[in-house]
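User: I'd like a close look at one part of this model: the aromatic rings that pair up, and what surrounds them. Please explain it for a first-year student.

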Amino acid sequence: MEKINAVITGVGGYVPDYVLTNDELSRMVDTNDEWIMTRIGVKERRILNEEGLGTSYMARKAAKQLMQKTASDPASIDCVIVTTTTPDYHFPSTASILCDKLGLKNAFAFDLQAACSGFLYAMEVAAGMIQSGRHKKIIVIPSSARTVRDCRFCT
(Lines give C-alpha, C1' and ligand atoms only; values in the text may rest on other atoms or scores of the structure.)
Protein backbone atom coordinates (compact mmCIF):
# COMPACT_ATOMS: atom_id res chain seq x y z
CA MET A 1 0.00 0.00 0.00
CA GLU A 2 1.46 3.33 -1.07
CA LYS A 3 1.52 6.17 1.43
CA ILE A 4 -0.67 9.16 0.56
CA ASN A 5 0.92 12.53 1.17
CA ALA A 6 -0.98 15.66 2.07
CA VAL A 7 0.34 18.83 0.42
CA ILE A 8 -0.70 22.46 0.30
CA THR A 9 -1.89 23.03 -3.27
CA GLY A 10 -3.01 26.64 -2.97
CA VAL A 11 -3.24 29.65 -0.72
CA GLY A 12 -5.83 32.42 -0.63
CA GLY A 13 -6.29 35.32 1.70
CA TYR A 14 -8.26 38.35 2.69
CA VAL A 15 -7.52 41.28 4.95
CA PRO A 16 -9.95 44.12 5.68
CA ASP A 17 -9.10 47.58 4.39
CA TYR A 18 -9.18 49.38 7.73
CA VAL A 19 -5.79 49.60 9.49
CA LEU A 20 -5.68 50.26 13.24
CA THR A 21 -2.22 51.49 14.22
CA ASN A 22 -0.69 51.57 17.68
CA ASP A 23 -0.80 55.36 17.63
CA GLU A 24 -4.53 55.33 16.96
CA LEU A 25 -5.02 52.67 19.64
CA SER A 26 -3.12 54.83 22.15
CA ARG A 27 -5.76 57.53 21.70
CA MET A 28 -8.45 55.02 22.77
CA VAL A 29 -6.76 53.36 25.74
CA ASP A 30 -3.81 54.08 28.02
CA THR A 31 -0.95 52.60 25.95
CA ASN A 32 1.69 53.61 23.43
CA ASP A 33 3.59 52.15 20.49
CA GLU A 34 6.68 51.30 22.55
CA TRP A 35 4.65 49.42 25.20
CA ILE A 36 2.82 47.35 22.54
CA MET A 37 5.94 46.66 20.44
CA THR A 38 7.97 45.60 23.49
CA ARG A 39 5.36 43.12 24.68
CA ILE A 40 3.74 41.68 21.55
CA GLY A 41 5.50 43.17 18.51
CA VAL A 42 2.34 44.27 16.69
CA LYS A 43 2.61 47.54 14.75
CA GLU A 44 -0.84 47.52 13.17
CA ARG A 45 -3.98 45.41 12.86
CA ARG A 46 -6.46 44.93 10.03
CA ILE A 47 -9.98 45.40 11.34
CA LEU A 48 -13.30 44.40 9.79
CA ASN A 49 -15.55 47.20 10.92
CA GLU A 50 -18.48 47.02 8.52
CA GLU A 51 -21.79 46.48 10.33
CA GLY A 52 -23.19 42.96 10.17
CA LEU A 53 -20.03 41.29 8.82
CA GLY A 54 -17.91 38.78 10.69
CA THR A 55 -15.66 35.78 10.43
CA SER A 56 -17.66 34.00 7.72
CA TYR A 57 -17.44 37.07 5.48
CA MET A 58 -13.63 37.12 5.59
CA ALA A 59 -13.43 33.34 5.30
CA ARG A 60 -15.67 33.41 2.23
CA LYS A 61 -13.50 36.06 0.56
CA ALA A 62 -10.34 34.02 1.20
CA ALA A 63 -11.89 30.71 0.14
CA LYS A 64 -13.31 32.22 -3.07
CA GLN A 65 -9.89 33.57 -3.95
CA LEU A 66 -8.32 30.17 -3.23
CA MET A 67 -10.83 28.30 -5.33
CA GLN A 68 -10.36 30.72 -8.24
CA LYS A 69 -6.56 30.56 -8.07
CA THR A 70 -6.58 26.76 -8.03
CA ALA A 71 -9.51 26.37 -10.47
CA SER A 72 -11.21 24.11 -7.92
CA ASP A 73 -14.66 22.74 -8.64
CA PRO A 74 -16.88 23.29 -5.58
CA ALA A 75 -18.09 19.68 -5.93
CA SER A 76 -14.50 18.46 -5.37
CA ILE A 77 -14.16 19.96 -1.87
CA ASP A 78 -14.54 17.25 0.79
CA CYS A 79 -14.28 19.28 3.98
CA VAL A 80 -13.95 22.81 5.35
CA ILE A 81 -12.24 23.47 8.68
CA VAL A 82 -12.43 27.00 10.10
CA THR A 83 -10.22 27.80 13.07
CA THR A 84 -11.59 30.69 15.07
CA THR A 85 -12.33 31.79 18.60
CA THR A 86 -14.69 34.43 17.23
CA PRO A 87 -17.36 32.53 15.25
CA ASP A 88 -20.33 34.35 13.77
CA TYR A 89 -22.62 32.29 16.04
CA HIS A 90 -22.30 29.42 18.49
CA PHE A 91 -24.51 27.45 16.11
CA PRO A 92 -24.32 26.87 13.17
CA SER A 93 -20.57 26.64 12.80
CA THR A 94 -18.81 29.29 10.73
CA ALA A 95 -17.54 26.49 8.48
CA SER A 96 -21.14 25.39 7.81
CA ILE A 97 -22.13 28.95 6.94
CA LEU A 98 -19.16 29.10 4.61
CA CYS A 99 -20.15 25.85 2.83
CA ASP A 100 -23.62 27.25 2.23
CA LYS A 101 -22.36 30.61 0.92
CA LEU A 102 -19.83 28.93 -1.41
CA GLY A 103 -22.21 26.22 -2.61
CA LEU A 104 -20.03 23.39 -1.34
CA LYS A 105 -22.65 20.63 -1.51
CA ASN A 106 -20.31 17.64 -0.93
CA ALA A 107 -18.26 19.04 1.93
CA PHE A 108 -18.81 18.52 5.60
CA ALA A 109 -17.66 21.32 7.85
CA PHE A 110 -16.65 22.14 11.39
CA ASP A 111 -15.01 24.85 13.46
CA LEU A 112 -11.94 24.14 15.54
CA GLN A 113 -11.40 26.48 18.47
CA ALA A 114 -7.86 26.43 19.80
CA ALA A 115 -6.87 30.11 19.78
CA CYS A 116 -3.49 30.85 18.22
CA SER A 117 -2.55 27.21 17.71
CA GLY A 118 -5.82 26.41 15.93
CA PHE A 119 -4.32 26.68 12.45
CA LEU A 120 -1.58 24.17 13.29
CA TYR A 121 -4.10 21.74 14.76
CA ALA A 122 -6.37 22.11 11.73
CA MET A 123 -3.49 21.44 9.34
CA GLU A 124 -2.67 18.25 11.24
CA VAL A 125 -6.31 17.14 11.24
CA ALA A 126 -6.65 17.86 7.50
CA ALA A 127 -3.39 16.06 6.70
CA GLY A 128 -4.54 13.01 8.66
CA MET A 129 -7.88 13.00 6.85
CA ILE A 130 -6.13 13.10 3.47
CA GLN A 131 -3.51 10.52 4.46
CA SER A 132 -6.32 8.16 5.48
CA GLY A 133 -7.34 8.04 1.83
CA ARG A 134 -10.96 9.00 2.60
CA HIS A 135 -10.62 12.67 1.60
CA LYS A 136 -8.84 14.48 -1.23
CA LYS A 137 -9.50 18.23 -0.93
CA ILE A 138 -9.86 20.11 2.35
CA ILE A 139 -9.97 23.85 2.87
CA VAL A 140 -8.44 25.11 6.14
CA ILE A 141 -9.23 28.70 7.08
CA PRO A 142 -7.81 30.46 10.14
CA SER A 143 -9.91 33.53 10.87
CA SER A 144 -10.98 36.03 13.49
CA ALA A 145 -13.97 38.36 13.41
CA ARG A 146 -12.09 41.61 13.94
CA THR A 147 -8.57 41.04 12.76
CA VAL A 148 -7.07 38.36 10.57
CA ARG A 149 -3.49 38.92 11.70
CA ASP A 150 -3.71 38.61 15.47
CA CYS A 151 -2.62 34.98 15.79
CA ARG A 152 0.46 35.47 13.64
CA PHE A 153 2.02 37.38 16.48
CA CYS A 154 1.21 35.12 19.44
CA THR A 155 4.31 34.11 21.39
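Analyst: Let's begin with exposure: a residue is buried under 20% relative accessible area, exposed over 50% and partly exposed in between (1.4 Å probe, protein chains only). Keep in mind that the model is predicted, so local features need pLDDT of at least 70 and side-chain atom pairs pLDDT 80 or more, while totals for chains, interfaces and linings use all residues. Numbering runs from 1 along each chain as its sequence is written, and side-chain values use heavy atoms, without hydrogens or water.

Now to the rings. The structure has two aromatic pairs (Phe, Tyr or Trp rings, the six-membered one for Trp, with centres within 6.5 Å; stacked under 30 degrees between planes, edge-to-face over 60, otherwise tilted). One of them joins Tyr14 and Tyr57: the centres are 5.9 Å apart and the planes stand at 90 degrees, so this pair is edge-to-face. Tyr14 sits in the segment before strand 1 (18-21) and Tyr57 in helix 3, so the pair links distant parts of the chain, 43 residues apart (helices, H or I of at least four residues, and strands, E of at least two, are DSSP runs numbered from the N terminus). The two partners also fall into separate exposure classes: Tyr14 is partly exposed at 23%, whereas Tyr57 is buried at 18%.

Phe108 and Phe110 form a stacked pair, with 6.3 Å between the centres and 20 degrees between the planes. Phe108 has a relative accessible area of 40% and is partly exposed; Phe110, at 25%, is partly exposed too.

Back to Tyr57, because this residue also helps line the second largest pocket (on a 1 Å grid over protein atoms alone, an open set of points with protein on both sides within 12 Å along at least five of seven lines; lining residues have an atom within 4 Å of a point). Its companions in that lining are Gly52, Leu53, Gly54, Ser56, Arg60, Asp88, Tyr89, Ile97 and Lys101. Helix 3 (55-69) and helix 4 (94-102) are the elements that give two or more residues to this lining. The largest share, three residues, comes from helix 3, where Tyr57 lies. The pocket holds about 180 Å³ of space.

So, to picture it: Tyr57 is a buried residue that faces Tyr14 in an edge-to-face pair and takes part in lining the second largest pocket.

Methods. 1 Å grid on protein atoms, 1.4 Å probe; cavity = no way out; pocket = protein on both sides within 12 Å on 5 of 7 lines; lining within 4 Å. Points joined across faces, edges and corners; volume = space filled by probe spheres on them.
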